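Visitor: I should like to learn how to read the packing of helices and the contact between chains in a model. Please take me through one case.

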Amino acid sequence: MAFDSFGAFITMEGHGPYVWACYFVFFLLMGAVVFWSLRQRRFVIAQQRRRMDSPPMRDQSPAGASFTRIEPSQD
Amino acid sequence: MWQIFHKLGSPKWFFGIASTLMPWLLWIGVPLLLAGLGWGLAFAPQDYLQGNSYRIIFIHVPSAFLAQSVYIMMAVGGLVTLVWRMKLADVFVKAVAPVGAVLTFLALFTGAVWGKPTWGTWWIWDARLTSMLILLFLYFGVIALGAAISDEKSSARAVAVLVLVGVVNIPIIKYSVEWWNTLHQPATFKLTEKPSMPAEMWVPLLLSVLGLYLIFGWLACLRMQTEILVREGRTRWVKQLVQAGGN
């Protein structure tokens, strides 16, 4: 170990706040990216599953009310 | 070779390969990174000039290294998108851009915090720092442009062009410390020369770099899989996969 005591390891001769702040922010942000990516994946899977479980849209529309949206070409 | 290239273009094939690779990438990457950081923090000797503040190097260099590598990988992806219209290349570019932005921010932040005790200032408009800040803005630009265009093909092409134009910044970052008189120290690792630091310092640094690369690989696979699930949501294989739990 490069330090004589645990206290010296924490303070790092005055450089402790700089070093620990960097490590804290590094783990915080990397952790956030991992957490966010996993949550996004779970959300997408749940959304796909909901879409598959629900019956097709046309079965839910009231009888007689069928409109077709026409989108004219912009070209 | 061409067969592999064609297979790589298939999202279904990639999804399977990524699922096999991901546990390996994560379970080798995390211990490597933690070993490198633990060694660097507690066991590596103190720097004779900078004292203990130099221990920031074990996260600063891997983040900065990877931030630039990710951009180069994105540029290759952009080129493949434009030349071969491979969808998976665009999936890669869009999936990793936010990770690249976070890594660039980390490189800038840790650099600023390291700069205070070493140079006496948090920030200076010096060539290396400014070109890294431009890299961060390029990442933001790629993310924003990708999100702004809803048509998949137009969005892929626009993002690919932006990424390729921005790649000119990478050699500027790399050689900024040689072309201009900067406060930033020259490269720690060079392929052609021996490292300028003792093994007790560069071995943990190398472990952290490798570890972070592998973790990035895991993140890229995970995020690409999510993007594929969204884009290929109407195909039969994705429907079957979602019903089976999504793995």
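Guide: The following dialogue takes up confidence, overall form, helix packing and the contact between the chains.

Visitor: On what terms should the model be read?

Guide: This is a predicted model, in which local features need pLDDT of at least 70 and side-chain atom pairs count only at pLDDT 80 or more, while totals for chains, interfaces and linings use all residues. Residues are numbered from 1 along each chain as its sequence is written, and chains are lettered from A and ligands numbered from 1 in the order in which they are written.

Visitor: What pLDDT does chain B average?

Guide: Where pLDDT is low, the predicted coordinates should not be read in detail. Chain B averages a pLDDT (the predictor's confidence in each residue, from 0 to 100) of 89, and 94% of its residues score at least 70. For the complex, the predictor gives an ipTM of 0.90 and a pTM of 0.87.

Visitor: How many helices and strands does chain B have?

Guide: Helices (H or I, at least four residues) and strands (E, at least two) are DSSP runs, numbered from the N terminus. Chain B has 9 helices and 0 strands.

Visitor: What radius of gyration does chain B have?

Guide: The radius of gyration is taken over C-alpha atoms, and the globule rule is 2.2 Å times the number of residues to the power 0.38. For 247 residues a compact globule would come near 18 Å, and the 20 Å of chain B agrees with this. The C-alpha trace of chain B spans about 60 × 35 × 30 Å along its principal axes.

Visitor: How is a pair of packed helices described?

Guide: Two packed helices are described by the angle between their axes and the distance between the axes. Axes are lines fitted to C-alpha atoms, for helices over the stretch in contact, and angles run from 0 to 180 degrees between N-to-C directions. In chain B, helix H2 (residues 11–43) and helix H8 (residues 199–231) pack at about 150°, with axes 6 Å apart. H2(B) and H8(B) are therefore roughly antiparallel (an angle over 145 degrees).

Visitor: Which hand does the crossing of H2(B) and H8(B) have?

Guide: A crossing is left-handed if the near helix is turned anticlockwise from the far one by less than a right angle, and right-handed if clockwise. H2(B) passes H8(B) in a left-handed crossing. Their contact has 26 nonpolar, 7 polar and no charged residues, where Ala, Val, Leu, Ile, Met, Phe, Trp, Tyr, Cys and Pro count as nonpolar, Asp, Glu, Lys and Arg as charged, and the others, Gly among them, as polar.

Visitor: At what angle do H3(B) and H4(B) cross?

Guide: The axes of H3(B) (residues 57–84) and H4(B) (residues 87–119) come within 8 Å and cross at roughly 155°. The crossing of H3(B) with H4(B) is left-handed, and the contact divides into 18 nonpolar, 9 polar and 1 charged residues.

Visitor: How many residues of each chain meet the other chain?

Guide: Two residues are in contact if their C-beta atoms, placed from the backbone, lie within 7 Å. Here 25 residues of chain A are in contact with 31 residues of chain B. Helix H2 (residues 16–53) of chain A gives the most to the side of chain A that touches chain B, with 18 residues. That side of chain A has 18 nonpolar, 4 polar and 3 charged residues.

Technical notes
Parallel < 35°, antiparallel > 145°, perpendicular 65-115°, else oblique.
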